[in-house]
Amino acid sequence: MLRKCGWYLGKLLNFLWASLSLFVYFIFHPKQFRAFLFSILSDINEFHQVAFGRLKDFEKTEFFRQLSSHFIFAQSNLFNRDFKVTRSMETHFLATLVKELVPQSIFEIGTYNGFTTLHLAVNSPESCRIFTLDLPPDYDVQKLRSGSYDDVLVIKLSQKTISQRFYKNHPLEGKITELYGDSAAFDFSGYFGKMDIVFIDGNHSLEYVRKDTENAFKMLSDHGVIVWHDFDYIIHKDVFFYLNDLSKDHPIYSVPHTRFAIYGKNIV
């Protein structure tokens with residue numbers, strides 16, 4: 001018993017010393033503190049999803065068991081990612097999902113730097129076509145109908161790097177069709193009933209996530225799936241509450257260790 005208590009006491013002292021050391025370190029390295037704070041917020045957010053989210057657990061589905069039983073070696077890049085936008089686990093989950101579903105058509109709402117877009121292209125069949133919709137490069141941010149600070153920030157960053165997206169000059173760039181427009185006003189009718197995967201990662205305000213979701217349902221093929229990014233309460237509360245409410249009428253699943261929510265007729 002004394003040995004056990006001594007072990008726990010030793011670990012507690014290690015923890016206190018590490019905490020004190022980090023406190024001093026962050027005083028001189030404020031950028032690192034922001035990264036640390038982001039990781040803490042991510043953990044809190046994940047527990048909040050479990051405690052207060054109404055979505056079903058993806059890991060309890062037959063589809064998850066199917067994924068687990070297959071040896072799927074999807075391709076994802078761990079290094080060229082912006083941790084504030086996409087976590088490595090999220091990128092790899094999306095890559096694995098695409099590899100498993102073998103889609104012929106994908107629609108992405110929100111291109112940003114094209115990192116996710118390229119993963120969709122790399123892991124889908126050669127015959128697959130990816131359509132990615134983003135605001136035009138000359139879009140006036142002041143005209144944005146609704147959106148949070150992070151939406152405005154992403155728009156500005158996207159406009160600066162629009163010619164440097166990850167899929168530019170990549171051998172698979174030909175699979176990708178860039179579309180430009182405001183998703184709240186864009187005419188999606190030409191894509192209705194044709195998309196095997198719709199990935200929603202555009203404006204996170206209630207108005208936009210509702211409109212994007214309504215169009216996503218219309219675009220789905222008979223076996224299509226919708227994936228929403230940023231199902232989290234802390235930063236994207238509108239997405240969190242909207243999907244919680246939508247789950248009353250549709251079986252939507254939360255993907256553990258990510259900010260993804262997923263829907264599909266065949267995901268049960």
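Before you select anything, keep one definition in mind: a residue is called buried when its relative accessible area is under 20%, exposed when that value is over 50%, and partly exposed in between. The model in your viewer is a predicted one.

**Stop 1: Phe-33 and the nonpolar patch**

Select Phe-33, which you will find in helix α2. Its relative accessibility is 37%, a value that falls between the two limits, and therefore Phe-33 counts as partly exposed. Now add Leu-22, Tyr-25, Phe-36, Leu-37, Ile-40, Leu-41, Ile-44, Tyr-233, Ile-234, Ile-235 and Phe-241 to the selection, and together with Phe-33 they make a nonpolar surface patch of about 990 Å². Helix α1 (2-28) and helix α2 (30-52) each supply at least two residues of this patch, and α2 gives the most, with six residues.

**Stop 2: Asn-45, in the same helix as Phe-33**

Stay in helix α2, where Asn-45 is also found, and select that residue. With a relative accessibility of 4%, Asn-45 counts as buried. If you leave aside its neighbours within four places in sequence, Asn-45 is in contact with Phe-231, Asp-232, Tyr-233, Ile-234 and Arg-259; two of these names, Tyr-233 and Ile-234, also belong to the patch of the previous stop. For a sense of distance, select Ser-127 as well: its C-alpha atom and that of Asn-45 are separated by 38 Å, and the two residues are 82 residues apart along the chain.

**Stop 3: the nonpolar cores**

Next, select Phe-107, Tyr-191, Val-198, Trp-228, Leu-243 and Ile-252, which are the residues with the most contacts inside the largest nonpolar core, a set of 27 residues. The elements that give two or more residues to this core are β2 (105-109), β3 (129-134), β5 (195-200), α7 (206-219), β6 (220-228), α8 (237-246) and β8 (261-264). Which element gives the largest share of this core? The largest share comes from α8, with five residues.

Centre the view on Leu-243, which, apart from its neighbours within four places in sequence, is in contact with Leu-55, Trp-228, Phe-231, Ile-252 and Ala-261. Apart from this core lies another one, of 25 residues, and you can begin to pick it out by selecting Leu-94, Ile-176, Phe-199 and Tyr-253, which are among its members.

**Stop 4: Thr-213**

Move to helix α7, where Thr-213 lies. Thr-213 is buried, because its relative accessible area is 1%. Leaving aside its neighbours within four places in sequence, Thr-213 is in contact with Ile-200, Trp-228, Tyr-242 and Leu-246.

**Stop 5: helix α4**

Select residues 88-101, the 14 residues of helix α4, whose expected span at 1.5 Å a residue is 20 Å; the C-alpha atoms at its ends are 20 Å apart, so the two values agree. Colour its buried residues, which are Glu-90, Thr-91, Phe-93, Leu-94, Ala-95, Thr-96, Leu-97, Val-98 and Glu-100, and then show what surrounds them: they pack against α3 (62-69), β2, α5 (115-123), β5, β6 and β8. Just after the helix, look at Val-102, whose phi is positive, near 50°.

**Stop 6: salt bridges**

How many salt bridges does the structure hold? There are seven, and three of them are visited here.

Begin with Arg-65 and Glu-62, whose side chains meet in a salt bridge at 3.1 Å, N to O. Both residues lie in helix α3, three residues apart, which is about one turn of the helix. An α-helix has 3.6 residues a turn, so residues three or four places apart point the same way. Arg-65 is partly exposed, with a relative accessible area of 44%, and Glu-62 is partly exposed with a value of 44%.

Then select Arg-259 and Glu-90, which form a salt bridge with their closest N and O atoms 2.8 Å apart. This pair links distant parts of the chain, since Arg-259 is in the loop between β7 (253-254) and β8, while Glu-90 is in helix α4, 169 residues apart. Arg-259 is buried, with a relative accessible area of 5%, and Glu-90 is buried at 0%.

Finish with Arg-165 and Asp-134, a salt bridge whose closest N and O atoms are 2.8 Å apart. Arg-165 is in the loop between α6 (149-160) and β4 (176-180), whereas Asp-134 is in strand β3, and both residues are buried. Add Lys-168 and Glu-178 to the selection, and you will have one network of Asp-134, Arg-165, Lys-168 and Glu-178, joined by salt bridges that share partners.

How values were computed
Residues are numbered from 1 along each chain as its sequence is written. This is a predicted model: local features need pLDDT of at least 70, side-chain atom pairs count only at pLDDT 80 or more; totals for chains, interfaces and linings use all residues. Side-chain values use heavy atoms; hydrogens and water are left out. Patches are made of residues with over 30% relative accessible area and no salt bridge: like charges are joined within 9 Å, nonpolar side chains (Val, Leu, Ile, Met, Phe, Trp, Tyr) within 5 Å. Accessible areas come from the Shrake-Rupley method with a 1.4 Å probe; for residues, only the protein chains shown count as cover. A salt bridge is a side-chain nitrogen of Lys or Arg within 4 Å of a carboxyl oxygen of Asp or Glu. Helices (H or I, at least four residues) and strands (E, at least two) are DSSP runs, numbered from the N terminus. Buried means under 20% relative accessible area, exposed over 50%, partly exposed in between (1.4 Å probe, protein chains only). A nonpolar core is a set of buried Ala, Val, Leu, Ile, Met, Phe, Trp, Tyr and Cys residues joined through side-chain atoms within 4.5 Å. Contact means heavy atoms within 4.5 Å. The expected span of a helix is 1.5 Å times one less than its number of residues.
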